[in-house]
Amino acid sequence: MNYNKKTVKDVDVKGKKVLLRCDFNVPQDKVTGAITDDKRIRAALPTIQYLLDNGASVIACSHLGKPEASFDKWVKKQTEKGKDPASLTEEKWKKSLDALRMEPVAERLSQLLGREVILAADVVGPDAKAKAAALQPGQVMLLQNTRFEKGETKNDPDLAKAMADMAELYVSDAFGSVHRAHASTAGVAAYLPAVSGFLIAKELEIMGGALASPKRPLVAILGGSKVSSKIGVINNLLDIADTIIIGGGMAYTFARAQGGSVGKSLLEADWLDYCNDMLKKAAEKGVKFLLPVDNLCAAEFSADAQPVLHGAMDIPEDMMGMDIGPKTVAAYTEAVKDAGTVIWNGPMGVFEFPAFAEGTRAVASALAETDAITIIGGGDSAAAVAQLGYADKMTHISTGGGASLEFLEGKELPGVACLLDA
Ligand code: ADP
Ligand code: MG
């Protein structure tokens, strides 16, 4: 995967209408629809401001939530959720769409930019087209929720072309969506010159840089809940990293594979062979592979459970591992001290429970203190680092959950691959 892509700074934007794919998928209050966290809108401001300052006009677009663009599919989904099909009317479906209109986003964006944001009533319908045609340099408009169009998630070329036809340049800045080949995240690039905004540029520079030519030694810390959800990440990083550190729920499948007793801990019995293969591969490649030596355990999965320390290979039958123990913390802290780059994905324990957050906190603290480039990928990992108060101590916290995982897997990301090479 080539991470070296053109950015807004590499093209002339003056006088151009720019279709800008943002990530405005903000959390909203279920009842009032009020935006409960506008971080993502704020994050888009530098690129929007740059475009405006340099004489462009901006046609911003984003998806918001998961609207169901077809009535039949909506009925099917609701029925699967246990709703009585007789109660599912077309009005209710339309109401579900109304709850995901872009009005609150347009309003907040306008406040933050300190200028008018022209909101279109549709995505590529007559209103959007007319407003786009009338748009003047320095003006900002916002399309309706891209997922109101059936063709969006199918990457329908007609929809992509209709979106592209409104503009002269495509700028992608929705990193959280680059792993999806949708019309607005990738399809449009077939019809317009396509470059990245500042958010994606930073992800590519720092995460891409760490994968393509890391400052060594490269230490990868992998945790989280399941081995099975991290196979791609382990496979890819085993080829790149000098040291791999394992924590979190996935450690118990490794411990079991090595003949340990893991009690009631998270265990994926189908992946025991895989774990042993990985350990063998690491040994062959000379990659250091560190597993926990001790664990804080609990009798039940609960915030008030009493933490008890056990060796990683002998967790009693009635206990489950909830966090890494102090000896493990010491070893892991030591391993990141002289690192050139640390990539961290997946908490070391059930950090949501304070009694089992210490392993994750200690690793975050070690990362905060090292001189290494420190990169956090993964939704829960980013949340953990923020919750524990170390967010501003990291070199980079990736803004995409699923997207950063696929990035670490070394997968081709459609929303990045479609951009012009630098
Ligand atoms: P990310 O979103 O950063 O990729 P994951 O989704 O893989 O991370 O994992 C996060 C979850 O893993 C957290 O909710 C955490 O509670 C859970 N977890 C960590 N350690 C354990 C453990 N020992 N047992 C059960 N769950 C765990
Ligand atoms: Mg997660």
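This is a short tour of the structure, stop by stop, with something to select at each one. Keep in mind that the model is predicted.

**Stop 1: the nonpolar core**

Begin by selecting Leu19, Ile59, Leu143, Met163, Ile244 and Phe254. These residues belong to the largest nonpolar core, which has 66 residues, and they touch the most other members. In soluble globular proteins, nonpolar side chains tend to be buried together.

Now center the view on leucine 143. What is leucine 143 in contact with, leaving aside its neighbours within four places in sequence? Its partners include Leu19, Ile59 and Met163, which you have already selected, and also Ala60, Cys61, Met102, Leu119 and Val123. Asp122 is another residue in contact with leucine 143. Apart from this core lies another one, of 31 residues; to find it, select Val18, Met102, Leu109 and Leu113, which are among its members.

**Stop 2: valine 117**

Next, pick valine 117, in strand 3, which covers residues 117-119. Is valine 117 buried or exposed? Its relative accessibility is 11%, so it counts as buried. Show what surrounds valine 117: not counting residues up to four places away in sequence, it touches Ala106, Leu109, Ser110, Val140, Met141 and Leu142. You can also draw a distance from its C-alpha to that of glutamate 107: the two residues are ten apart in sequence and 7.5 Å apart in space.

**Stop 3: ligand 1**

Now select ligand 1 and display the residues around it. There are 19 of them, and the closest are Lys230, Gly321, Glu352, Asp380 and Ser381. Color this shell by residue type and you should find five nonpolar, eleven polar and three charged residues.

Which parts of the fold supply these residues? Strand 14 (320-324) and helix 13 (379-387) each give at least two. The largest share, three residues, comes from helix 13.

Zoom in on three polar contacts:

- Serine 381: an N or O atom of its side chain is 2.4 Å from an oxygen atom of ligand 1.
- Serine 225: here a backbone N or O atom lies 3.2 Å from an oxygen atom of the ligand.
- Glycine 249: a polar backbone atom is 3.3 Å from a nitrogen atom of the ligand.

If you turn on a surface, look at how the protein covers the ligand. On its own, ligand 1 has 580 Å² of accessible area, and the protein covers 86% of that.

**Stop 4: along and after helix 13**

Stay with helix 13 and select glycine 379, which lies in it. Glycine 379 is partly exposed, because its relative accessible area is 44%. Its C-alpha is separated by 8.5 Å from that of serine 398, 19 residues apart along the chain.

Follow the chain from helix 13 into the loop that leads to strand 17 (396-397), and you will find tyrosine 390. This tyrosine counts as buried, since its relative accessibility is 14%. Tyrosine 390 touches Arg361, Ala364, Ser365, Ala368 and Val385, not counting residues up to four places away in sequence. Between tyrosine 390 and alanine 364 the C-alpha distance is 6.6 Å, although 26 residues separate them in sequence.

**Stop 5: two buried loop residues**

Select serine 265, in the loop between strand 9 (261-262) and helix 10 (272-285). With a relative accessible area of 6%, serine 265 is buried. Beyond its neighbours within four places in sequence, serine 265 is in contact with Tyr252, Ile315, Met319, Met320 and Gly321. You met Gly321 beside ligand 1.

Then jump to histidine 179, in the loop between strand 5 (169-172) and strand 6 (194-196). Histidine 179 is buried too, at 17%. Its side chain reaches the backbone oxygen of glycine 176 at 3.5 Å, and its contacts farther along the sequence include Gly402, Glu406 and Pro414.

**Stop 6: two backbone details**

Most residues other than glycine have a negative phi, and most peptide bonds are trans. Finish with two exceptions.

Asparagine 155 sits in the loop between strand 4 (140-142) and helix 6 (157-165). Its phi is positive, near 55°. Asparagine 155 is partly exposed, at 25% relative accessibility.

Lastly, select arginine 216 and proline 217. The peptide bond from the arginine to the proline is cis, with omega near 0°. Proline 217 lies in the loop between helix 7 (198-212) and strand 7 (218-222).

Conventions:
Residues are numbered from 1 along each chain as its sequence is written. Chains are lettered from A and ligands numbered from 1 in the order in which they are written. This is a predicted model: local features need pLDDT of at least 70, side-chain atom pairs count only at pLDDT 80 or more; totals for chains, interfaces and linings use all residues. Side-chain values use heavy atoms; hydrogens and water are left out. A nonpolar core is a set of buried Ala, Val, Leu, Ile, Met, Phe, Trp, Tyr and Cys residues joined through side-chain atoms within 4.5 Å. Buried means under 20% relative accessible area, exposed over 50%, partly exposed in between (1.4 Å probe, protein chains only). Contact means heavy atoms within 4.5 Å. A residue is near a molecule or strand if one of its heavy atoms lies within 4 Å of it. A polar contact is a pair of N or O atoms within 3.5 Å; within protein, one must be able to donate a hydrogen and the other to accept it, and residues adjacent in sequence count only if both atoms are side-chain atoms. Accessible areas come from the Shrake-Rupley method with a 1.4 Å probe; for residues, only the protein chains shown count as cover. Helices (H or I, at least four residues) and strands (E, at least two) are DSSP runs, numbered from the N terminus. Ala, Val, Leu, Ile, Met, Phe, Trp, Tyr, Cys and Pro count as nonpolar, Asp, Glu, Lys and Arg as charged, and the others, Gly among them, as polar.
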